[in-house]
Amino acid sequence: TFLVMRVHRRPTLINWALLGLCCGIAFLLKSHFVIAILIVAAWLVLKHRKSRPMLLRAGAAFAGCFLLALIPLVIRNISVGTSPFAAAGNAAASVIIANSEDSDPAIWGTGHFVEIQDSAGGRLLPTYVAALRTHPSISHYLSLVAQKFDVAWRWYEQPSNENFYYYRLHSRTLRLLPFTWYLVAPLALVGLALSVRRSRRIWPAYLPIIINLPVLLLFFG
């Protein structure tokens, strides 16, 4: 977000290159950040549509550094014999445990896991459809989505093996930091509300929500 806003103010080739590098790293961490990359790419075209030379230079800087960040992924994938640019392959499994009728925003639903994995063969769209069919009614599914939406705006972070509080158990640096989710989340919500009038100028600050909230509600938990 910071780099998008920086490029917005100073669209130099160095800033475009840094943004491409960070987008590549973000993609390595969470593959659904490809949505952000597509948004940034579309913005790049719109921003420089009147200057083709600048568009080509900025696009090359962004794309080149994005691909540079993916080198570890390509090396890993080639070494194990899979597609060079294949990302994480657990999306279908996450869809089942977060969207089946026995799912809950805080509890994985595993009752239909084997059945859906067997019938859908790990393909994302068939898996999603099969998970939705486990619900007795559309209202039952919408209730689950509403619960996810409610939890998304809470001040606490859901317990897992990768959340901030778990990492603090193993990192003295994090334990010494004065900022936690308890403090940051409420202030972030207040900031979002107060900045609505300036949303056209600071739209990159809303980009993480635009990307992650639909993915959280419709696919994962």
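Trp16, Trp43 and Phe62 form one aromatic cluster in this predicted model. I start there since one member, Trp43, leads to a helix that I want to look at.

That helix is α3, residues 34-47. Helix α3 has 14 residues, and from its first C-alpha to its last it reaches 20 Å. At 1.5 Å a residue, the expected value is 20 Å, so the helix comes close to that.

Which residues of α3 are buried? They are Ala36, Ile37, Val40, Trp43 and Leu44. Look at the spacing of those numbers while I give you one general point. An α-helix has 3.6 residues a turn, so residues three or four places apart point the same way. Now look down the axis of α3: the buried residues fall within an arc of 125°, so they line one face of the helix. The face turned away from that buried side carries the exposed residues Leu38 and Leu46. What covers the buried residues of α3? The cover includes α1 (2-9), α2 (13-29), α4 (52-69) and α13 (207-218).

Helix α13 has a residue worth a short stop, Leu207. Leu207 counts as buried, because its relative accessibility is 8%, and buried means under 20%. Its C-alpha atom is separated by 21 Å from that of Thr12, and along the chain these two residues are 195 residues apart.

Next, the aromatic pairs. The count comes to six. One of them is formed by Tyr128 and Phe219, and that pair is tilted, with 5.1 Å centre to centre and 35° between the planes. Where do the two residues lie? Tyr128 is in helix α8 (residues 124-133), and Phe219 is in the segment after α13. The pair therefore ties together parts that are 91 residues apart in sequence. Tyr128 is buried, with a relative accessible area of 14%. Phe219, at 29% relative accessibility, counts as partly exposed.

A second example is Phe164 with Tyr165. Their ring centres are 5.5 Å apart and their planes are at 80°, so this pair is edge-to-face. Phe164 is partly exposed, with a relative accessible area of 22%.

Back to Tyr128 and its helix, α8. The buried residues of α8 are Thr127, Tyr128, Ala130 and Ala131. Around the axis they cover an arc of only 165°, which puts them on the same side of α8. Turned away from that buried side is a face with the exposed residues Leu125 and Arg133. What do the buried residues of α8 pack against? They pack against α6, α7, α9 (138-152) and α13.

Two of those helices, α6 (91-99) and α7 (113-120), have a loop between them, and Ser100 lies in that loop. Is Ser100 buried or exposed? Ser100 is buried, with a relative accessible area of 0%. A polar atom of its side chain lies 2.7 Å from the backbone oxygen of Ile96. Leaving aside neighbours within four places in sequence, Ser100 is in contact with Val95, His112, Ile116, Ala131, Thr134, His135 and Leu144. You have already met Ala131 among the buried residues of α8.

Ser103 is found in the loop between α6 and α7 as well. Ser103 is buried, with a relative accessible area of 10%. Here the backbone oxygen is that of Ile97, and it lies 3.0 Å from a polar atom of the side chain of Ser103. With neighbours within four places in sequence left aside, the contacts of Ser103 are Ile96, Ile97, Ala98, Gly109 and Leu144. Leu144 is in contact with Ser100 and with Ser103.

Last, the cysteines. How many disulfides does the structure hold? It holds zero. Cys23 is in no disulfide, and the nearest cysteine sulfur, that of Cys22, is 7.4 Å away. Cys23 counts as buried, at 10% relative accessibility. Why is Cys65 not bonded to Cys22? The sulfur in Cys22 is the closest cysteine sulfur to that of Cys65, but at 9.7 Å the distance is too far for a bond. A disulfide needs the two sulfur atoms within 2.5 Å.

Notes:
Residues numbered from 1 in each chain as written. Predicted model: local features only at pLDDT ≥ 70, side-chain atom pairs only at ≥ 80, totals over all residues. Heavy atoms only, no water. Helix = DSSP H or I, 4+ residues; strand = E, 2+ residues; numbered from the N terminus. Buried < 20%, exposed > 50% of the residue type's maximum accessible area, 1.4 Å probe, protein only. Polar contact = N/O pair within 3.5 Å; in protein donor to acceptor, adjacent residues only side chain to side chain. Contact = heavy atoms within 4.5 Å. Arc of directions from axis to C-beta. Phe/Tyr/Trp six-rings, centres within 6.5 Å; stacked < 30°, edge-to-face > 60°.
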